[in-house]
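Here are my comments on the structure you sent me, written as numbered points so that you can follow them with the model open beside you.

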Amino acid sequence: MTDRYAVIGNPIEQSKSPLIHTAFAQVSGQDIEYTKLLAPLGGFAEVVDAFRTSGGRGMNVTAPFKLDAFAYATDLAPSAQMAGAVNAMKFEGGKVYAENFDGVGLVRDLLHNLACPLKGRRVLILGAGGATRGALLPLLAEEPAELMIVNRTLAKAETLATLAQKHQTASVPVQGLGYAALQGQAFDVVLNATSSSLTAELPPLPASVFAPGCLAYDLTYGKGLTPFLKLASESGVTRLADGVGMLAEQAAEAFAWWRGVRPDTTSVIQLLTIPLR
């Protein structure tokens with residue numbers, strides 16, 4: 001019997017999840033059906049209830065429902081608790097198990113696909129929203145030399161830094177900064193976790209933050225050379241990446257969680273990659 005999965009969001013037409021998971025099922029020999037579900041704002045629980053009643057086994061969750069999924073779940077993994085948001089659910093009887101694989105997907109992309117080790121590196125992450133919050137513990141587990149969080153609203157960056165210091169298993173220095181504090185500093189890995197690339201805007205970032213040999217990584221995917229990546233390129237950075245690998249890797253984590261088989265992501269990343277130059 002074919003097992004049913006879905007991605008839920010609003011809007012949802014843009015989602016690549018059905019393409020990704022169908023490809024994963026083909027390469028791993030898994031018999032699944034994966035669809036998109038458009039839920040009305042305020043109607044998340046009703047749509048999920050109906051999907052579960054009809055035999056659905058699990059879901060990916062995208063905007064704007066990651067907080068709704070957090071509230072809906074009966075069992076939250078530590079990753080979801082730390083992120084304060086859920087991007088994958090698994091249904092077993094009356095239980096709703098919830099995970100957030102965004103952070104581990106980002107780190108796997110950095111380490112395995114981009115051959116960018118984090119241990120001993122200076123890492124800067126832009127933004128203090130949900131994407132940053134979900135990425136903190138997986139990033140810190142790799143033991144960078146230090147991790148700086150920068151945000152337009154300093155208090156938000158400082159709050160996340162305090163949270164990360166409290167929950168990390170390593171002893172990495174973590175600091176929350178405003179953009180002005182970046183003058184004169186340079187980093188080995190610069191991650192743009194703001195929403196600026198969705199609106200073709202540029203964070204107020206000095207070009208000097210990109211150290212020689214730096215990797216500039218935009219968590220947004222499918223936008224080509226974003227203003228952030230363009231600034232990095234014009235500053236001499238030759239290692240540029242967007243979030244397509246993160247998208248594929250977090251999907252593979254969810255697939256493995258559901259099916260017990262972790263698919264290779266190479267072909268999916270190649271399929272979805274848009275040139276950055």
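The points below take up the two sheets, then the aromatic rings, and then the salt bridges.

1. Please keep in mind throughout that this is a predicted model.

2. One sheet is open and mixed in its pairing, and its six strands follow the order 2-1-3-5-6-4. Strand 2 and strand 4 (75–76) are the edge strands with a single partner strand each, so one side of each has no neighbour in the sheet. If you look at strand 1 and strand 2, you will find them paired in the parallel sense over seven bridges, and you can locate this pairing by finding Ala6, whose bridge partner in strand 2 is Thr35.

3. Two helices lie across this sheet, and their directions are worth comparing with the strands. Helix 2 lies across strand 1, strand 2, strand 3, strand 5 (88–92) and strand 6, and runs at about 170° to strand 1. Helix 9 lies across strand 1, strand 2, strand 3, strand 5 and strand 6, and it runs at about 10° to strand 5.

4. Another open sheet of six strands has the order 9-8-7-10-11-12, and here the pairing is parallel. Strand 9 (174–177) and strand 12 (239–242) stand at its edges, where each has a single partner strand, so that one side of each is left without a neighbour in the sheet. On average, neighbouring strands of this sheet are turned by 20° against each other, when direction is ignored.

5. At one edge of that sheet, strand 8 (residues 146–150) is joined to strand 9 by four bridges, and the two strands run parallel. Val150 has Leu177 of strand 9 as its bridge partner. Helix 7 (residues 154–167) lies across strand 8 and strand 9, and its direction is at about 170° to strand 9.

6. How many aromatic pairs does the structure hold? There are seven aromatic pairs, and one of them is formed by Phe44 and Phe65, a tilted pair with 5.4 Å from centre to centre and 35° between the planes. Phe44 belongs to helix 2 (residues 44–53), whereas Phe65 lies in the loop between strand 3 (58–61) and helix 3 (66–72), so the pair ties together parts that are 21 residues apart in sequence. Phe44 is buried, with a relative accessible area of 2%, and Phe65 is buried as well, with a relative accessible area of 2%.

7. Phe101 and Trp257 form an edge-to-face pair, with 5.6 Å centre to centre and 70° between the planes. Because Phe101 lies in the loop between strand 6 (95–99) and helix 5 (102–113) while Trp257 lies in helix 9 (residues 244–259), the pair ties together parts that are 156 residues apart in sequence. Phe101 is buried, at a relative accessible area of 6%.

8. Two further places with rings deserve a look. Tyr5, Tyr34 and Trp258 form one aromatic cluster, and the charged end of Arg122 sits over the ring of Phe187, 4.5 Å from its centre.

9. Which residue forms a salt bridge with Asp3? The partner is Arg259, and the closest N and O atoms are 2.7 Å apart. This pair links distant parts of the chain, since Arg259 is in helix 9 and Asp3 is in strand 1 (residues 3–9), 256 residues apart. Arg259 counts as buried at 19% relative accessibility, and Asp3 is buried with a relative accessible area of 17%.

10. Glu33 and Arg4 also meet through their side chains in a salt bridge, at 3.4 Å from N to O. Glu33 lies in strand 2 (residues 32–38) and Arg4 in strand 1, so the pair ties together parts that are 29 residues apart in sequence. Glu33 counts as partly exposed at 37% relative accessibility, and Arg4 counts as partly exposed at 25%.

11. A salt bridge of 3.9 Å, N to O, joins the side chains of Glu13 and Lys36. Glu13 is in the loop between strand 1 and helix 1 (17–28) and Lys36 is in strand 2, and these parts of the chain are 23 residues apart. Glu13 counts as exposed at 65% relative accessibility, whereas Lys36 is partly exposed with a relative accessible area of 31%. Elsewhere, Arg108, Glu249, Glu253 and Arg262 are joined into one network by salt bridges that share partners.

Notes: Residues numbered from 1 in each chain as written. Predicted model: local features only at pLDDT ≥ 70, side-chain atom pairs only at ≥ 80, totals over all residues. Heavy atoms only, no water. Pairing = 2+ DSSP bridges. Axes fitted to C-alpha atoms, helices over the stretch in contact; angles between N-to-C directions. Contact = heavy atoms within 4.5 Å. Phe/Tyr/Trp six-rings, centres within 6.5 Å; stacked < 30°, edge-to-face > 60°. Buried < 20%, exposed > 50% of the residue type's maximum accessible area, 1.4 Å probe, protein only. Lys NZ or Arg CZ within 6 Å of the ring centre and 35° of its normal. Salt bridge = Lys/Arg side-chain N within 4 Å of Asp/Glu carboxyl O.
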